[in-house]
Amino acid sequence: MPVTHVSHRGLTLPAVGLGTYKLKGAAGAEAIARGVQLGYTLLDSAYNYENEGTVGEGIRACGEPRGGLIVTSKLPGRYQRHDDALVTVQESLYRTGLSNIDLYLIHWPNPAQGLYVEAFEALLEARAAGLISHVGVCNFLPEHLEALKDATGEYPEVNQIELHPYFPQTEALAFHRERGIITQAWSPLRRGGELFEEPAITAPAARLGVSPAEVVVAWHVAIGSLPIPKSAHPDRQLANLRAQDLELTAEEVAAITSLGRPDGRMKNQDPAVYEEF
């Protein structure tokens with residue numbers, strides 16, 4: 001049975017999604033269409049990626065039914081005020097050319113700005129109006145998630161966070177799981193490099209006859225994380241998708257998780273202090 005993730009409100013997501021960061025223009029639309037044709041059903045975009053139009057064109061070009069796809073976009077920090085958030089959702093719809101966006105996320109909490117609860121409330125209104133179907137967040141810490149629950153009675157359905165073997169986020173995964181929040185991983189491969197040379201990753205890669213990247217994707221699936229690797233190359237798109245079916249041993253999963261280190265976070269984008277606009 002294929003691995004899926006289900007939120008507290010019944011949102012069902014596949015084991016692996018397709019990231020679209022930096023996929024733009026005709027080449028980007030072609031890469032997205034190809035990804036859908038290969039079997040991806042979850043497409044991840046954002047207002048700040050400036051490629052929502054590309055995603056929409058890729059969907060129209062792929063030849064697959066729109067109803068089988070889950071399209072994601074994200075609200076930027078500069079538009080977290082209530083009215084701005086609603087207009088931004090509308091603008092995302094115009095850019096994609098879609099009548100509804102399946103999953104809309106707050107891109108960063110920006111706690112110093114103090115508007116993320118207001119933004120979440122606006123997205124819940126957009127959901128009630130049928131503009132979006134599901135509401136989530138990115139880079140939220142437990143205290144931010146609890147603030148949303150206290151204000152609205154509802155947790156987000158997704159929290160997309162930095163998560164990879166050097167920053168495995170085991171506590172966040174457990175926190176989300178207990179509350180029915182799906183954990184998505186951005187930068188799930190940490191841009192490769194030295195990570196792909198770790199014996200904990202190269203050993204299972206050799207055993208299974210696959211690439212280190214495929215082992216890392218399989219590790220995400222094993223720990224309950226939903227990776228959204230970005231690739232425009234058809235072979236890598238297919239490899240990332242097929243990696244969900246690889247079976248790592250419990251010892252291999254534990255060894256990869258143990259690669260976590262204090263300096264593992266990329267660029268130290270701590271959600272408690274980092275502001276995204």
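This is a dialogue on reading a few features of a predicted model.

Visitor: Where does strand 7 sit in terms of exposure, buried or exposed?

Guide: Strand 7, residues 132-138, is mostly covered, with 6 of its 7 residues buried.

Visitor: How should I think about side chains along a strand in general?

Guide: In a regular strand, side chains point alternately to one face of the sheet and the other.

Visitor: Which strands pair with strand 7, and in what sense?

Guide: Strand 6, residues 101-106, pairs with strand 7 in the parallel sense over 5 bridges. One bridge joins Ile101 to Ile132 in strand 7. Between these strands the chain passes through helix 4, residues 116-128, and this β-α-β crossover is right-handed. Strand 8, residues 158-162, also pairs with strand 7 in the parallel sense, over 2 bridges. There, Cys138 stands opposite Gln160 of strand 8. Helix 5, residues 142-152, together with strand 7 and strand 8, makes a right-handed β-α-β unit.

Visitor: What about pockets? How is empty space found?

Guide: A probe the size of a water molecule is rolled over the atoms, and this shows where empty space remains.

Visitor: What is the volume of the largest pocket, and how many residues line it?

Guide: The volume of the largest pocket is about 1,000 Å³. Its lining has 36 residues, and those nearest the centre are Tyr21, Trp186, Ser187, Arg191 and Lys230. Helix 8 and helix 9 (234-242) are the elements that give two or more residues to this lining. Helix 9 gives the most, with 3 residues.

Visitor: Now a single residue. Where is Ser225 found, and why does Ser225 count as buried?

Guide: Ser225 is in the loop between helix 8 (212-223) and strand 10 (226-227). The cut-off for buried is under 20% relative accessible area. Ser225 is at 0%, so Ser225 is buried.

Visitor: What does Ser225 meet there?

Guide: The side chain of Ser225 makes a polar contact of 2.9 Å with the side chain of His220. Leaving aside residues up to four places away in sequence, Ser225 touches His5, Ala15, Leu163, Leu173, Thr183, Ala185 and His220.

Visitor: How does Thr88 read by the same steps?

Guide: Thr88 lies in helix 3, residues 82-96. Thr88 counts as buried because its relative accessibility is 4%. Its side chain reaches the backbone oxygen of Asp84 at 2.7 Å. With residues up to four places away in sequence left out, Thr88 touches Tyr47, Leu75, Pro76, Tyr79 and Tyr104.

Definitions and conventions. Residues are numbered from 1 along each chain as its sequence is written. This is a predicted model: local features need pLDDT of at least 70, side-chain atom pairs count only at pLDDT 80 or more; totals for chains, interfaces and linings use all residues. Side-chain values use heavy atoms; hydrogens and water are left out. Helices (H or I, at least four residues) and strands (E, at least two) are DSSP runs, numbered from the N terminus. Buried means under 20% relative accessible area, exposed over 50%, partly exposed in between (1.4 Å probe, protein chains only). A polar contact is a pair of N or O atoms within 3.5 Å; within protein, one must be able to donate a hydrogen and the other to accept it, and residues adjacent in sequence count only if both atoms are side-chain atoms. Contact means heavy atoms within 4.5 Å. Two strands pair if DSSP finds at least two bridges between them. A crossover is right-handed if, with the strands pointing away from the viewer, the path from the first strand over the helix to the second runs clockwise. On a 1 Å grid over the protein atoms alone, a cavity is a set of points where a 1.4 Å probe fits but cannot get out, and a pocket is an open set with protein on both sides within 12 Å along at least five of seven lines; lining residues have an atom within 4 Å of a point. Grid points are joined across faces, edges and corners, and a volume is the space filled by probe spheres set on the points.
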